[in-house]
Amino acid sequence: MTQSYIAFDLEFRTDEALFEMHRQIDPKSSRKAVAIKTVTAAAALEFTIGTSGEIAIGTLASWTLADWPDEGALVEQALDFIRRRPKHKVLTFGGVSVDIPVVVLAAMRHGIVLPSQLQAKHTPWDRSHIDLGLLIKGAGKSWSHLSQVCLRLVIPPALIAAKASPIKPTSAEQWEQLRHHVELDTLLLALTWFAWCEAQGRDGIRYHTAAVAQIAAFLRRRPEHGLAEQLVRYQRHLEGEISAQYSNAA
């Protein structure tokens, strides 16, 4: 069965004014809860996996507060991207614990209607939103971070290290770095999804070939990306491994 996905990721920061009000209510608390986080950037990467495992990559889009006047405008644009693709499954990593609550609270604050994939469901196991982190955790108690999973997949540390520490923008250049960061997160999430699909026996999916196609498409859309050189190296490494597999099989 052909299925389309949107790899979705947010970046957010603590609203210090909300935090101070929180401290007035509970002076002993130093916990910066989900409810006081506000969205600063978002990215969405659209792709489709066909019945036989063929990969088609669609739009890569991102939004930051450098482009939009406030959180409400930014979140409206990001959610409208999803809203206009109602049959796409939204893919996150750990989204049920942070990203989705943050975006739901932002929608509540700014009077935004959530796309159907993120609305509360009445069925016990709705798959219009897939949290890959939750799937990997299963019935256990331990969550893996996306960075840890990427390391396990032997994705180059240079790509993962850049993911682990997003900057706090104070200039146009730094806002662009944040855009690159959140866009890279969607690519890493898509790559991890291919590895999951292969492990689950999805017909025609092989991580190496799917990752090469996804990276190549990402670079066509973002040739100016700050980590383009590292992505090219990783793509060539994967192509070399594919070639070696064919040689060994011959």
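Reader: Let's start with the rings. How many aromatic pairs does a search of the whole structure find?

Author: Four aromatic pairs turn up in that search. Keep in mind that we're reading a predicted model. To read a ring pair, look at the distance between the centres and then at the angle between the planes; over 60 degrees counts as edge-to-face. Take F47 and F194: their ring centres sit 5.5 Å apart and their planes meet at 65°, so this pair is edge-to-face.

Reader: Where do F47 and F194 lie, and how many residues apart in sequence are the parts they tie together?

Author: F47 belongs to strand β2 and F194 to helix α7 (residues 172-199), so the pair ties together parts that are 147 residues apart in sequence.

Reader: And is F47 buried or exposed? Same question for F194: buried or exposed?

Author: The cut-off to use is 20% relative accessible area, with anything under it counted as buried. F47 comes in at 0%, so F47 is buried. F194 also has a relative accessible area of 0% and is buried.

Reader: What kind of aromatic pair do W63 and F81 form?

Author: That pair is edge-to-face, with 5.8 Å from centre to centre and 70° between the planes. W63 is in strand β3 (residues 55-64) and F81 is in helix α2, so here the parts being tied together are 18 residues apart in sequence. W63 has a relative accessible area of 8%, so it's buried. F81, at 2%, is buried as well.

Reader: Which residues do ring pairs link into a cluster?

Author: The cluster takes in Y5, F47, W193 and F194. So far so good; hang on to Y5, since it comes back below.

Reader: Let's do a helix. How does the reach of α3 sit against what's expected?

Author: The idea is to set the end-to-end C-alpha distance beside a rise of 1.5 Å a residue. Helix α3 (residues 99-110) has 12 residues and spans 17 Å from its first C-alpha to its last, close to the expected 16 Å. Its buried residues are D99, I100, V102, V103, A106 and A107. Looking down the axis of α3, you'd see those buried residues within an arc of 160°, so they line one face of the helix.

Reader: What is exposed on the other side of α3, and what covers its buried residues?

Author: On that other side, M108 and R109 are exposed. The cover over the buried residues includes β1 (3-14), β2 (37-49), α2, β4 and β5 (129-131). Just past the end of α3, check the backbone: G111 takes a positive phi of about 65°.

Reader: Now loops. Where are K87 and H88 found?

Author: K87 is in the loop between α2 and β4. H88 is found in that loop too, between α2 (71-83) and β4 (89-92).

Reader: Is K87 buried or exposed? And H88, buried or exposed?

Author: K87 has 74% relative accessibility, so it counts as exposed. H88 has a relative accessible area of 13%, so it counts as buried.

Reader: What does each of them touch, leaving aside neighbours within four places in sequence?

Author: K87 is in contact with Q3 and S4. Here's Y5 again: the C-alpha atoms of K87 and Y5 are separated by 8.5 Å, although the two residues are 82 apart along the chain. H88 touches Q3, S4, Y5, I6, E46, Q117 and S128. With E46, the side chain of H88 also makes a polar contact of 3.0 Å.

Reader: Which residues does L65 touch, again not counting those up to four places away?

Author: L65, in the loop between β3 and α2, touches R13, V39, T40, D70, E71, L74 and W175. For a C-alpha reading, try L65 and P169: they're 104 residues apart along the chain and separated by 9.7 Å.

Reader: Let's zoom out. What does the secondary structure of the protein chain come to?

Author: Nine helices and five strands. Along the sequence, they follow the pattern β-α-β-β-α-β-α-β-α-α-α-α-α-α.

Reader: How much of the chain counts as buried, and what does the contact range look like?

Author: Of the 250 residues, 48% count as buried. For contacts, take those between residues at least 6 apart in sequence: 71% of them join residues at least 24 apart. The accessible surface comes to about 12800 Å², and carbon and sulfur atoms account for 54% of it.

Terms used:
Residues are numbered from 1 along each chain as its sequence is written. This is a predicted model: local features need pLDDT of at least 70, side-chain atom pairs count only at pLDDT 80 or more; totals for chains, interfaces and linings use all residues. Side-chain values use heavy atoms; hydrogens and water are left out. Helices (H or I, at least four residues) and strands (E, at least two) are DSSP runs, numbered from the N terminus. Buried means under 20% relative accessible area, exposed over 50%, partly exposed in between (1.4 Å probe, protein chains only). A polar contact is a pair of N or O atoms within 3.5 Å; within protein, one must be able to donate a hydrogen and the other to accept it, and residues adjacent in sequence count only if both atoms are side-chain atoms. Contact means heavy atoms within 4.5 Å. The expected span of a helix is 1.5 Å times one less than its number of residues. The arc is that of the directions from the helix axis to the C-beta atoms. Accessible areas come from the Shrake-Rupley method with a 1.4 Å probe; for residues, only the protein chains shown count as cover. Rings of Phe, Tyr and Trp (its six-membered ring) pair if their centres lie within 6.5 Å; planes under 30 degrees apart count as stacked, over 60 as edge-to-face and the rest as tilted.
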